[in-house]
Amino acid sequence: MGGECHNSTDRIKVRVWDEDDDIKSRVKQHFKKESDDFLGQTIIEVRTLSGEMDVWYNLDKRTDKSAVSGAIRLKLNVEIKGEEKVAPYHVQYTCLHENLFHYLTEVKSSGAVQIPTIKGDDAWKVYFDDDAQEIVDEFAMRYGIEYIYQAMTHFSCLSSKYMCPGVPAVMSTLLANINAFYAHTTATTNVSASDRFAATNFGREKFIKLLDQLHNSLRIDLSKYRDNFPASSPERLQDLKSTVDLLTSIAFFRMKVLELQSPPRASAVVKDCVRACLDSTYKYIFDNCYELYSQLMDQGKKQDIPREEQGPTTQNLDFWTQLITLMITIIDEDKTAYTPILNQFPQELNMGKVSAEIMWTLFALDMKYALEEHEKQRLCKSTDYMNLHFKVKWFYNEYVRELPTFKDAVPEYSLWFEPFVMQWLDENEDVSMEFLHGALGRDKKDGFQQTSDHALFSCSVVDVFTQLNQSFEIIKKLECPNPEALSHLMRRFAKTIQKVLIQYAAIITKDFSSYCDKENVPCILMNNIQQLRVLLEKMFEAMGGKELDAEASAILKDVQVKLSGVLDELSVTYGASFQQVIEECVKQMSTELNQMRGNGAAASANKNSSTMEAEIVLRPLMDFLDKTLSLSAKICEKTVLKRVLKELWKLVLNKIEKQIVLPPLTDQTGPQMIFSAAKDLGQLSKLKDHVIREETKSLTLRQCAIMDVVVATIKQYFHAGGSGLKKNFLEKSPDLQSLKYALNLYTQTTDVLIKKFVTTQTTQSQASNDTVGEINVQVDLTTHPGTGDQKVTVKVVAINNLNWQTSAMFRPFVEVCILGPSLSDKKRKHGTKTKSNTWSPKYNETFQL
């Protein structure tokens, strides 16, 4: 449709109808002027039209009763008579706006953009100062330039100056309002945002191309945000924030106005830019580490360091410690300066965390390869590697450990340093051994004195474990997060503990016997070994206890067992040092007991008499025990005292058994005469004269009763009311059982003893190493029915495999003797016939005793 207009104040009215063509409408047409349904209208001012236009117009109500919604798109072409060759008004406005912008920016302000200071909701529609703004507004009003076109034109002008201070904020606000104009539909229209934008007079493709170019430029500049937006400039930091807002507005435009399905998210774009910047930043500080570190330490003083000396070297580790310092400076700057500014995406982007993640990832790769080279050459001290390990550990724990990427991962840095920590542990073991010898030397020189009145051990134990604990504290401070590496360290340190403690015990054991004549020293030395066990248990718990690596735990448990064995060995040695004294005491006891033989029956019935006599017998022993044990109780640790008591208990009982209850024969010439007779038959008569050996010393019933009281008293003494040895141990002691058995030999009847012997000695399952053969004997016990006398029948059957070397005549025979009290009037010995030159003779001879 077309038409002519002769006045700029004219208006074009466009109405939208719904045609009705049914019978009812035709009838209605005769009674009403308008039979069709009115949908809406729009009124266009002619003065607002210029050139070719493609515009969406909202449909308005004609009356309050109208129900209107929607918009109409019109393509308009205006030709002014006499101005057919003049540019369209929108093009003229664009030239006007761009020239004003160029003049105010480049000519008057030397390239700086002058931003109006006006505030308010419509402040974004003010582009220049008062005069320039009045010009563009007058032109727009006179020639119908839409305010959104003005905004898009100014946005296009600013896009060439987007890096100027304050410009990103203005551009972000402009684009946000442009987005609102096209994307936010009204209640009266359902036209899509993309369709509305397609009708813009600015040009759809032109604006899209402008945003694409701007987006790429912003990405490039954000990838160098540390240079373009330095943390030292608050104004530029605000521009950085606005730049990210501008990126967000571009992403919104693409999604809501262009209605693209999946445009790049602003948070993802910013994160990629940050990562790119941090990658290049790390490379820069890596390549210029010494120079940058020197500037940092000397407050900006620049030093010229040759390029080839800037990188890492195997000669020292200074480069890596300085690199960590520079990385920490960057991360802290990102955390404190940039994170509060770039807070538009709190769930997706945290500058400090991203910075720490990128820096650690790049550093970890370089550090790992560098340490592999160092492992091959080992040009630095182990302490230097340990110090670097501590710094890397601190850096990881302070900045990296809580990052989402690494929170559930096991860090590997402890494995990089493992060879160097092992080297340090090897060297530390040598130091520990030297310290051990020095501590023992000082302790020996001081006479193994107690460290205090309350401590029962000497200073060497404290010194040794102080040094071991210091070594362990260093390992502990490494806070090794890798279970595999931690296991390796614990195994190695456990071996150091094993070597030191076993060596300590070996030195003490070697010289222990020479100290047994000293008053307190033996007990203190045993206390030292026990204190080693106590401190070892504490060390075991400190190293992890039940959670400790199985191999390391086995090593420490083996050390504990060996120390316990050493303590047992020392206790035996210490107890043996009293052997002569105890023998003398028991000898005096035997003398006292021999004076109390009597006939036994009446005296044994009087318990009071036995008790008094037992006290007399025990006096020499008790005097010794009181003196010895009272001193031991004061100086010995409880566990050590128990072991000393056990050894003294065994020694006392054994000596009583061997010297009093079952004393040895006083004449030992019999065996020599047997050997002589075997070599020379002429000595046989002398042997037969000697075979009636002296009667074994025996105890009377009275003496047995006294000895029972003696044994009970000794047992009670060693129990000490619960403070000494446990009753269960004393009762089940093999030494006590042996002594009681020996006493029973005197108090039990002969037939009972023989029955017991027969039932317990039926077989000899294992021969001793010094056996000379085997004998087959049958023993039987019978009772005479008339007299009640006990008869023992012994049948000597045979001898097998006699081990006897001789070149003379060999004639073996068997002699059977019976020993015991009240046998002086009985025949106590029988002998078999001899068998010539046979080493497995058969006898089958029977004897009655």
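1. Two helices count as roughly parallel when the angle between their N-to-C directions is under 35 degrees. In this predicted model, helix α12 (residues 318–338) and helix α14 (residues 382–400) pack at an angle of about 15°, and their axes lie 10 Å apart. Because an angle of about 15° falls under that cut-off, α12 and α14 are roughly parallel to each other. The crossing that these two helices, α12 and α14, make is left-handed.

2. It is worth looking at which residues build this contact. From the side of α12, the residues that take part are Trp320, Thr321, Ile324, Thr325, Met327, Ile328, Ile331, Asp332 and Lys335, and they meet Leu388, Lys391, Val392, Trp394, Phe395 and Tyr399 of α14. Sorted by class, the residues in the contact of α12 with α14 are ten nonpolar, two polar and three charged.

3. The chain as a whole gives the setting for these details. Its secondary structure comes to 29 helices and nine strands, and of its 849 residues 42% count as buried. When contacts between residues at least 6 apart in sequence are considered, 72% of them join residues that are at least 24 apart.

4. A second pair of helices can be described in the same terms. Two packed helices are described by the angle between their axes and by the distance between the axes. For helix α15 (residues 413–445) and helix α17 (residues 483–512), the axes come within 10 Å and cross at roughly 15°, and α15 and α17 are therefore roughly parallel to each other. The crossing of α15 and α17 is right-handed, and by class their contact has 14 nonpolar, seven polar and nine charged residues.

5. A third pair is formed by helix α18 (residues 521–542) and α19, whose axes come within 10 Å and cross at roughly 165°. That angle makes α18 roughly antiparallel to α19, because an angle over 145 degrees is counted in that way. The crossing of α18 and α19 is left-handed. Among the residues of α18 in this contact are Pro522, Cys523, Met526, Arg533 and Phe540, while those of α19 include Ser553, Leu556, Lys557, Leu563 and Tyr574. By class, the contact of α18 with α19 has 14 nonpolar, five polar and three charged residues.

6. One residue of that contact, Ser553, deserves a separate remark. Ser553 is placed in helix α19 (residues 550–576), and Ser553 counts as buried because its relative accessible area is 8%, where buried means under 20%. If its neighbours within four places in sequence are left aside, Ser553 is in contact with Phe540 and Leu548.

7. Phe139, in helix α3 (residues 130–143), is a useful case for seeing how residues apart in sequence can meet in the fold. At 14% relative accessibility, Phe139 counts as buried. Phe139 and Tyr89 are 50 residues apart in sequence, and yet their C-alpha atoms are 8.9 Å apart in space. Apart from neighbours within four places in sequence, the residues in contact with Phe139 are Tyr89, Gln92, Tyr93, Leu96, Gly144 and Ile145.

8. Two backbone angles should be checked by eye. Most residues other than glycine have a negative phi. Ser110, which is not a glycine, has a positive phi of about 55°; Ser110 lies in the loop between α2 (89–107) and α3, and Ser110 is exposed, with a relative accessible area of 69%. Asn837 is likewise a residue other than glycine with a positive phi, near 50°. Asn837 is found in the loop between β8 (829–831) and β9 (842–848), and with a relative accessible area of 43%, Asn837 is partly exposed.

9. A last point concerns the cysteines. A disulfide is a covalent bond between the sulfur atoms of two cysteines, and the structure holds zero disulfides. Of the cysteines that can be looked up in the model, Cys289 is buried, with a relative accessible area of 0%, and Cys480 also counts as buried, at 14% relative accessibility.

Methods
Residues are numbered from 1 along each chain as its sequence is written. This is a predicted model: local features need pLDDT of at least 70, side-chain atom pairs count only at pLDDT 80 or more; totals for chains, interfaces and linings use all residues. Side-chain values use heavy atoms; hydrogens and water are left out. A disulfide is a pair of cysteine sulfur atoms within 2.5 Å. Buried means under 20% relative accessible area, exposed over 50%, partly exposed in between (1.4 Å probe, protein chains only). Axes are lines fitted to C-alpha atoms, for helices over the stretch in contact, and angles run from 0 to 180 degrees between N-to-C directions. Helices (H or I, at least four residues) and strands (E, at least two) are DSSP runs, numbered from the N terminus. Angles under 35 degrees count as roughly parallel, over 145 as roughly antiparallel, 65 to 115 as roughly perpendicular and the rest as oblique. A crossing is left-handed if the near helix is turned anticlockwise from the far one by less than a right angle, and right-handed if clockwise. Contact means heavy atoms within 4.5 Å. Ala, Val, Leu, Ile, Met, Phe, Trp, Tyr, Cys and Pro count as nonpolar, Asp, Glu, Lys and Arg as charged, and the others, Gly among them, as polar.
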